[in-house]
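Okay, thanks for squeezing me in. Let me put the model up, and then I'll walk you through a couple of spots.

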Amino acid sequence: MPSPDWTSPAAEGPVDATVELPGSKSLTNRFLILAARAGGVSRLRAPLRSRDSLLMVEALKGLGTGIEDDGDDWLVTPGQGFGPARIDCGLAGTVMRFMPPLAALASGEVHFDGDPHARTRPMGPALEALRSLGVVIDDGGRGSLPFSVTGSGSVRGGSVTLDASASSQFISALLLSGAHYDDGVTVHHEGPPVPSQPHLDMTVEALRDAGADVDDSEPDTWRVEPGPLNPLDVQIEPDLSNAAPFLAAALVTRGRVRVPGWPQHTTQAGDAIRGVLDEMGADVILGRDGLTVSAVDGFTGIDVDLHDASELTPVVAALAALADGPTLIRGVAHIRGHETDRLAALAHELGALGSDVTETEDGLHIVPRRLSPTTFHTYADHRMVMAAAVLGLAVPGLVIEDVGTVAKTLPTFTELWTAMLGQRPSEGRTA
Ligand SMILES: O=C(O)C1=C[C@@H](OP(=O)(O)O)[C@@H](O)[C@H](O)C1
Ligand SMILES: C=C(OP(=O)(O)O)C(=O)O
């Protein structure tokens, strides 16, 4: 059931705000997977509580993992894993990709399905790779959800070659469970370049945090040795991709936004927003008190390759539509397989507002034009909501359809947004 529409608040002047963002989806869901089979109880400090991470929690609980929320942290008690079980992936790439290699270690049948659009997200190479490592999978020949994984308590593992150009998550998935396979796992990518390199680095770093022996020294090849994982005690960083729309508000309103807790070192792809905003002409300062972005004058269009940080595309596209010149976003052909076909969705919705947008083979060319308010459709995509809110700052009366879909990664988005604008939450009206 879609949630209500929301008339996105326009900016009444320059914002000057500090915005505290909840934890990273990608870190939370990786640490949950690792903790589920570690050698003791793990503590995840300040995890993200959102649809994607709660679906991961339910999936793991369904396989016998104990997860307790003490109000601040999640305590994860490993379980051996047993079926039969049914896993709802929602629209979460991390659940549909990261869970099957773990479910393969359980005994019994584990059935996977998700939201209607989840059935169209790419899965084929991931399922084929698991099969070649000795896992029994029934996907009815579709290469997508729904499918079932039937485990016998162990997985042979070994070496596998796959084409991960559609999603880096295919590789992360195998690595995150590979230490528990009898022969470990060696994953070799063959095909057009894998997107989202920072997410692969995040997987390797998280595995090493848990004591795994990982070799990523060869291009396009990753090896995880078999062996036990240590329990974790980890502080989850704020989600830097979710910070992007708030930082973008500094540019649109010629104001200033600070995000406390921005890490000095991180593997989050969203960290790339610093370079993007700097190139657009903002002042970007990373200090001990967090990241501060300010913009006094206008901001320019840019030519940017977002292959490594494609999650940023919707918000960067929204900024581009409000910039002082054209923007070319390149390197993101694979986001046609994200929550929705993001290139088509952005081209359509920005076009409906009045932008001059061309969908290229691997991105978008956006020429700013005068925009008029309309209903911005969001296609069950949290980042379309965020992009729409950025546009709404400068386009009074813009209505965001199904605003609640933002709960995929940021259930408190509208509250944070209206607070940033110095308004009470009730001032963002339900249309
Ligand atoms: O591993 C992860 O946590 C993610 C990897 C990326 O996926 P793709 O490589 O499919 O873009 C990213 O876009 C997604 O939001 C999260
Ligand atoms: C692509 C995204 O999510 P997922 O983890 O579902 O792939 C995203 O959050 O932008």
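**Glu311 and the two ligands**

So, UniProt lists Glu311 under "active site", in an unreviewed entry; UniProt positions follow the numbering used here, feature names are shortened, and annotations may be inferred rather than shown by experiment. Bear in mind that this is a predicted model: local features need pLDDT of at least 70, side-chain atom pairs count only at pLDDT 80 or more, and totals for chains, interfaces and linings use all residues. Residues are numbered from 1 along each chain as its sequence is written, with chains lettered from A and ligands numbered from 1 in the order in which they are written.

Where does Glu311 sit? In the loop between strand E18 (303–305) and H9; helices (H or I, at least four residues) and strands (E, at least two) are DSSP runs, numbered from the N terminus. Glu311 counts as buried because it has 29 C-beta neighbours inside 10 Å. The cut-offs there: 20 or more other C-beta atoms within 10 Å is buried, 12 or fewer is exposed, in between is partly exposed, with C-beta atoms placed from the backbone. Right after that loop, H9 (residues 313–322) has 10 of its 10 residues buried.

Now ligand 2. Glu311 is part of its surroundings, along with Ala92, Gly93, Thr94, His338, Glu339, Arg383 and Thr409, where near means a C-beta atom, placed from the backbone, within 6 Å.

And ligand 1? That one has 13 residues around it, the closest being Ser26, Ser167, Ser168, Ser196 and His199. Helices H3 (93–103) and H5 (169–178) each give two or more residues to that shell.
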